[in-house]
Every structure is written in C-alpha cells, then in structure tokens.
Amino acid sequence: DGEVYKYYCEGEWRKSASGKSVAIINPTTRKTQYKVQACTQEEVNKVMEIAKAAQKSWAKTPLWKRAELLHKAAAILKEHKVPIAECLVKEIAKPAKDAVTEVVRSGDLVSYTAEEGVRILGEGKFLVSDSFPGNERTKYCLTSKIPLGVILAIPPFNYPVNLAVSKIAPALIAGNSLVLKPPTQGAVAALHMVHCFHLAGFPKGLISCVTGKGSEIGDFLTMHPGVNCISFTGGDTGVAISKKAGMVPLQMELGGKDACIVLDDADLDLAAGNIVKGGFSYSGQRCTAVKVVLVMESVADTLVEKVNAKVAKLTVGPPEDDCDITPVVSESSANFIEGLVMDAKEKDATFCQPYKREGNLIWPLLLDNVRPDMRIAWEEPFGPVLPVIRINSVEEGIHHCNASNFGLQGCVFTKDINKAILISDAMETGTVQINSAPARGPDHFPFQGIKDSGIGSQGITNSINMMTKVKTTVINLP
Ligand code: G3H
C-alpha cells in the first residue's frame, strides 16, 4: 500500500528527510514486498552523535541491569517470532520453519550473551610487579574490560536477525552503543527485531537502525569518525571496508569455500546426509555451506549415488510451503550461479541432475567430475549447486582446500580419528568439523575465518571480548 517502514533514531521511528525509499523485492514473486527509508548522510551524522552520547551513561549502568534488559529483549524477540519469521519468508525466501528457528536462536543468543557477559565482564585481574626482573612488590595492577564506544553492525541478508543480534548483544552487554545498518533484503525483519529491543526499554539513542542504499550511506557509515568498531558479515564488501576503515577494531566474516573431504573409510551414509544438509540448506546461501566435495576416487561412485538419492528427495518451491530449496535472494545472484553452471557445462562437468531454473528458483544440482580449471571449483555460488572433485590422495584434497583464497570452515569424514586430527591440523581454515557439516553454531563456539574469510574471531565470548578494551590502573606503593 505504499507504506514505507521508518528507521529508528533516538528511541523513535522516523521518516527520512530524503523523501526517498528503497524497495525490497520478494525473491519468490520478484515484486516489491516492502519499502524502507533511504536515510541521508545527515541522518547518519545524527545517529552517530546520539549513539556517542547514549553510550556514556550506558557504560555507567550496572552490568546486571544491562543483562536484565537483554534478557527482556530476548523474551520479547521470541514472543514476536511469528511476524518476524514472516518477514524473513517474504524478504529473503527463507523456508518458513528455518525462519522461525532463526528468531528463536537469536533470542537464545541474546540471553546467553547476557549471562556470559555478567560473568566474564564481572571479573578482572590483579597483578603484582615483582614477578618482572628488577621490581619490588611496590606496584599493584588492576585490570578491567571497558567498552569501545559506538559499534557499527552490518549483518548480511542470509541471517538479517541472527547475525544482527550476534553483534548487538555483545556490544550492549559490554557497555557500547550500537548503530545497525541492516541488509536491504531483510531490513524489515531487522527493524522488527529492533522494535523488540525498543519494547524492552533500552535507553534512547543506545540502539539506532538506519536503512538505505549501501552506495549512498555505506562508505559514509564505515568511514565515519564516530565509529569505534565495525562488525561486518557479508561478501567482498568486507575487503573494501577493511581497506577504508580508520584505526578501529574490525570483526569480519566474509564467505568461504568450505571443503568436505571424504576418505575411503568414511561412513558414506553419514557423509551423504551431511553433504546434502550442508550443501543445500537455505539453498546453499550460507557462508558455512559445503561448497566443494573432495572425495577419494575409490568411494566416489557410491558417495555420489547416495547424495543423488537424497537430492532427489529435496522439495523445491516457495518458502511459504517450507520447501527445502527456495528462490535465491535476487535475480543477479541467480544469474551469477547460472554463469558458474554454464562454465562447468562447457568444461564437461558431469550433471547429476538437469539444470533447471524458473525466475530466481534454481533446482538443486550436483556437479560430478569437476576439475580445477572450472570456476565452480573455486568460487562460491551461494546457491544450490555443489561441485564434486574426485581425489586420489588425502594430500590432493588438502592441497585443493588450502589453495583457496578462503579459509572459513571445512569438514572431514573418516572413522580414523588420528587421520582426522592430522587433516584438521593441515587444513588452513578457522574451523574443521570431524564427521559433520560445517556450521557456525552452537553460537558460543569460536567462529572465525582466515585469509579472505575474515578478521578476528566471533562466537559469544569472543565477540564480547572483541568489543571491549583492557583498562589498567596501577597502585604505586610508597
Ligand atoms: O552465513 C554465514 C553464517 O555465519 C553461517 O551460519 O552455520 O549457522 O548457517 P550457520
């Protein structure tokens, strides 16, 4: 009906002075589903100014009170799971059940962060000077963790709620204020999530949410002198941000090409189940999706057969029907995926299923006999297309994995735990899963990528620590 969702500033919902809006296209219908405000640079300035002011008193708010508010927000978020999930279905075509799971997981994450925060921020260190050569015990050093200031959070389209709260909750418990720039696809779900924090009663200006085109306010936000830390999840944009950002801590998670190495002694049913779940859940639009299978030639035929049998059972259609495979987020994304498929076709990959696309909906596709000269061997489709590369030695698999410019996660399937550990040690990735598909969660586990996959480490505890700085006070005795 032409309504434009308002952005959130100073504890209230506002219209942008630009008078412009940004359309959110439903990936399934490919029609405008919602509109959000196209905020201006002046509005960003305002948000930064009030975020700075609000942070000062928030840092003085007792830790237990901050935790109490977060627990309240978590409960409200869970109460609102149905309408928020509906937005996720319409904005990013997330299957209905997964959309609800995302919101519930987010509530749990916020509560856990509140609990973790009161504990780890509730303790500091006490050091004495005479352990260092030449010193007497004349200096007592007290350490505590203090907030950084204003945290800028930029989550991606695939988890607009969960990857927003995974930045918001640690920032707030640690005494920071927060400016959120949600992805365009997923912005309304994010605004609704922010509303839950609003209802919980956080002080005015502590949380803000600005919407708009990345091309207009993206650089302005990330290069803004008022920002004291950037937490970003997404794609190549992260590399650009890290080059332009000032001298502020960065937390970045930027995609991956997670390999699944299958050895000849693996439980092939277990491997096949995880390959399908890991490769095709949310249509492969997860940074931790299995993005290449590296299987020993001796078991490749059997594994491919088992995977194909499971792929055949995946349901394909609209997210409202809770189908396994739903339309990918945008037409340009579908075109990019198609480009990778066509390249593999020209170079004679084996198509285990016929390639089929209707609009943004791409049917699940396993490509066997992929070789290193094919783009799909290296690039991440972020779609339901999974390449299989047959290997003749474990070393060949490790070599392919390590030749990637990404290094997020990886997994290995074998019954030999010693081999699994050696392979894990050899794989240049932030995490290796033994006998399971890559995944970020449980959300308190450390989560990090190396090389182009990211900067720093996430997970609840690491994020809280990352959004603080150590402060020391030294008592000098006479
Ligand atoms: O898309 C990137 C996410 O951090 C992956 O999270 O493993 O829970 O799907 P997930």
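What share of the contacts in the protein with a separation of 6 or more is accounted for by residues 24 or more positions apart? The figure is 72%, where contact means heavy atoms within 4.5 Å. The model is predicted, so local features need pLDDT of at least 70 and side-chain atom pairs count only at pLDDT 80 or more, while totals for chains, interfaces and linings use all residues. Residue numbers start from 1 along each chain as its sequence is written, and side-chain values use heavy atoms, with hydrogens and water left out.

The protein contains 14 helices and 26 strands, taken as DSSP runs numbered from the N terminus (helices: H or I, at least four residues; strands: E, at least two). Its radius of gyration, taken over C-alpha atoms, is 24 Å, which agrees with the value near 23 Å for a compact globule of 478 residues; the globule rule is 2.2 Å times the number of residues to the power 0.38. Buried residues (under 20% relative accessible area, 1.4 Å probe, protein chains only) make up 54% of the 478 residues.

Some backbone details are worth a look. Two residues that are not glycines have a positive phi: Glu-10, at about 55°, and Tyr-282, at about 45°. Glu-10 sits in the loop between strand 1 (7–9) and strand 2 (12–14) and is partly exposed (between 20% and 50%), with a relative accessible area of 27%. Tyr-282, in the loop between helix 9 (268–280) and strand 13 (292–296), counts as buried at 4% relative accessibility. The peptide bond from Gly-441 to Pro-442 is cis, with omega near -5°; Pro-442 belongs to the loop between strand 21 (431–434) and strand 22 (447–448).
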